Amino acid sequence: MSTTTPTPPALTAPEAARAPVPGITVVGARENNLRGVDLTLPRERLTVFTGVSGSGKSSLVYGTIAAESQRQLNEAHDSFTRNRMAHLGVPDADRLANLTVTLAVDQRRFSANTRSTVGTATDLAPLLRLLFSRIGKPRAGYSPAFSFNDPSGMCPGCEGLGTVRRVDADALLDPALSLDEGAIRLRTFAPGSWRWKRYVHAGLFDRTVPVGSYTPEERRLLLHGEGVRLKNPDPEYPDAGVFEGVVPRITRSLLDAAKLNPRDREELERFIRRGPCSECAGKRLNPAALACRIGPHNIADLCALTVSELGPVVAAIDDPRVAPVTTALLERLRGLEEVGLGYLSLDRASGTLSGGEAQRVRLVRHLGGALTGLTYVLDEPSAGLHPADVHRLTGLLRRLRDKGNTVLVVEHDPNVIAVADHVVDLGPGAGPEGGRVVYEGPVAGLREADTPTGRYLRLPRAVKSRPRTPDGAVEIRNARLHNLRGIDVNVPTGVLTAVTGVAGSGKSSLAHGELPRVRPDAVVLDQGALQGGPRSTPVTYLGIQDALRGLFARAHGLAPGWFSANSKGACPTCRGRGVIVTDLAFLDDVRTECEDCRGLRFNAEALSYTLAGLNIAEVLAMTAARARGFFESGLENAQAGDRTIAGALERLGRVGLGYLGLGRSLDTLSGGERQRLRLARELAASARLYVLDEPTSGLHGGDVAALIALFERMVDEGATVVVVEHRMDVVAVADHVVDLGPGAGPEGGRVVYEGTPAELAGSGRGATADALRAHLAG
């Protein structure tokens with residue numbers, strides 16, 4: 001009897017089309033806090049990853065799947081190219097299979113480059129330049145002639161920046177002091193410095209009398225003189241014998257200097273004023289480019305329009321010579337509107353976009369591509385979106401999937417979770433208590449699962465039945481900042497107020513601009529970058545680093561510097577950075593983990609000293625929640641320093657950051673995490689009025705309840721809390737709601753509703769009222 005296995009017949013074309021695509025296989029993933037995760041993800045489907053913050057979602061999606069795909073793609077290049085790319089380590093996993101080329105679209109903000117705008121970041125600006133070069137009248141030249149980043153198009157007065165920097169001469173001098181006494185307020189012009197000697201030895205001024213007593217001509221010479229040939233300078237004056245006033249000297253040697261140490265740069269900024277360029281009126285382009293028009297508009301006019309306003313203008317251009325250009329423009333503009341960015345203008349600096357806005361801009365760039373079979377990875381793409389705009393985002397995600405791509409999304413928003421083909425829920429907790437798959441399957445099954453996400457989705461939803469009575473109000477009158485339309489608003493005090501509205505409706509202009517103008521004592525907490533570089537951590541930001549180092553120092557009789565990665569304890573190879581940075585000039589820097597300290601930042605001697613069995617690197621690797629228990633009960637003979645540390649860690653837990661590692665670089669935090677870290681620091685002292693910008697950004701629904709409880713406690717203790725928020729969980733339990741709109745940009749800036757959430761849900765109109773009713777209906 002033959003044992004030969006027969007060869008199966010070849011699949012016909014229809015059968016091949018129906019054959020299942022092998023899924024992305026992950027076996028034994030242990031990156032960061034993952035606990036040997038095994039799973040198979042369906043290809044060409046939309047999979048949403050859920051779980052509490054710190055449960056391991058990003059470690060699985062970004063740190064394992066996307067990282068290994070990128071590493072293998074890099075390996076396909078020749079050695080010369082690989083040596084000039086970032087060196088990626090192999091993720092900690094037993095096996096990964098069936099990976100595809102992965103595009104990780106994260107929430108990294110655009111760099112604060114003044115030459116980068118929404119137009120350049122979305123590739124709309126090159127299309128507009130092409131449009132004007134073809135049909136604009138009078139003709140100004142080819143596409144570069146319309147670029148403010150090209151010499152042929154930029155304004156010569158501001159070099160395409162639209163703004164100019166000028167030295168504030170009046171602020172620069174102290175009229176009550178003489179030159180000998182240091183009348184020039186810059187440190188680099190201090191008495192005795194070589195710059196100072198050019199003025200006291202020029203033979204033009206009385207160095208002993210207050211500069212406020214100088215004649216107008218003497219003052220002009222001191223501040224603005226240029227190319228003055230000195231007739232009788234002191235012997236100490238430089239050989240050149242040509243005098244230059246303080247302002248042109250600062251402009252030439254300091255203001256335009258390519259490199260200036262941070263201390264001098266910070267001091268100089270106190271005397272610099274910025275304003276629109278007088279030659280181009282802030283439009284960045286030269287006269288020839290601005291004179292070229294299509295109908296009544298020049299290219300600067302079109303770039304000043306919002307995306308929603310620009311669409312109809314482009315659609316009205318009926319010229320077969322540029323039909324492909326207008327088609328491409330309209331497609332890109334529609335994509336931006338679909339992801340809720342219709343309120344952005346093309347001339348807005350890209351560095352001012354939030355992380356969520358930046359991610360959606362990047363996502364739109366992929367919509368028109370012809371590539372299929374890719375894997376897209378997104379990190380909370382709904383961040384910053386009003387619920388009314390989320391459905392357009394989910395439609396975009398499904399379009400990517402329907403083109404034959406695999407879409408992996410890390411998300412907390414129930415509206416995004418609801419459209420998933422497949423869900424992976426990680427947890428059950430954060431940090432060491434997470435890292436496991438607690439549910440995998442369809443969305444319907446997640447709603448019934450006994451997991452934090454499943455329980456949150458089943459929670460009953462209701463508005464606050466007994467809102468607080470305000471004890472006063474902050475009266476804002478004729479508010480006109482940005483798109484606000486001269487509105488009058490009374491913000492009640494002694495209560496929790498939610499400021500709502502679609503993205504771009506004017507919420508931040510009201511809460512972060514107009515409110516602090518009326519109440520300068522307000523503590524405004526936004527999602528901007530934190531002070532400090534890559535060496536800064538939650539420990540240093542909260543100011544508990546000295547107490548922590550002191551514990552180790554007292555235990556071993558050493559100087560605290562031994563337990564600082566910036567001092568004696570630093571690894572000598574990487575100088576306490578944990579990574580080796582290779583500067584490749586015009587290419588991105590290459591960062592590799594330090595082989596000597598294995599990324600721990602400390603030298604071997606510093607790591608040899610322990611506290612309750614842990615060295616300094618191991619303590620900094622703990623999450624805030626675990627570390628709090630360590631300092632509260634893990635140490636004998638607790639002292640004041642221990643209590644200081646434990647108190648700061650308790651505040652981190654209260655704001656939903658118990659999962660943060662103590663030594664995590666602040667550069668890696670999301671906007672929501674940065675804001676809540678600011679709040680944790682501010683809670684150490686009492687304030688009367690707090691203003692927060694989308695504080696729930698990045699939080700799991702279960703953690704939102706804890707943050708709401710914190711706000712309620714703050715109000716009960718006498719504070720006024722104002723939150724700009726899209727999350728209906730927060731809006732429903734606020735005492736007062738101020739809803740702006742009805743639309744974004746020029747269609748917003750008006751008060752749509754003021755009152756309680758119950759009245760808003762009952763009889764309110766507009767996007768927020770509809771979203772609140774949908775939220776309450778489940």
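In what order do the strands of the open sheet lie, and how many strands form it?

## The open sheet

In this predicted model, 6 strands form an open sheet, and their order is 17-22-23-16-24-25. The pairing in the sheet is mixed. Strand 17 (523–525) and strand 25 (750–755) are the edge strands, each pairing on one side only. From one strand to the next, the twist averages 15°.

At one edge, strand 17 runs parallel to strand 22 (residues 689–693), and 3 bridges join the two. Within this pair, L525 stands opposite L692 of strand 22.

## Helix 28 on the sheet

Helix 28 (residues 701–716) packs on the sheet. The strands that helix 28 touches are strand 16 (496–500), strand 22 and strand 23 (720–724). The direction of helix 28 makes about 145° with that of strand 23.

## Helix 14

Helix 14 covers residues 323–338. At 1.5 Å a residue, its 16 residues should span 22 Å, and this agrees with the end C-alpha atoms, which are 22 Å apart. Just after helix 14, G340 takes a positive phi of about 75°.

Which residues of helix 14 are buried? They are V325, T326, L329, R332, L333, G335 and L336. An α-helix has 3.6 residues a turn, so residues three or four places apart point the same way. The buried residues of helix 14 pack against three helices: helix 5 (124–135), helix 13 (307–315) and helix 15 (355–367).

Technical notes. Residues are numbered from 1 along each chain as its sequence is written. This is a predicted model: local features need pLDDT of at least 70, side-chain atom pairs count only at pLDDT 80 or more; totals for chains, interfaces and linings use all residues. Side-chain values use heavy atoms; hydrogens and water are left out. Two strands pair if DSSP finds at least two bridges between them. Helices (H or I, at least four residues) and strands (E, at least two) are DSSP runs, numbered from the N terminus. Axes are lines fitted to C-alpha atoms, for helices over the stretch in contact, and angles run from 0 to 180 degrees between N-to-C directions. Contact means heavy atoms within 4.5 Å. The expected span of a helix is 1.5 Å times one less than its number of residues. Buried means under 20% relative accessible area, exposed over 50%, partly exposed in between (1.4 Å probe, protein chains only).
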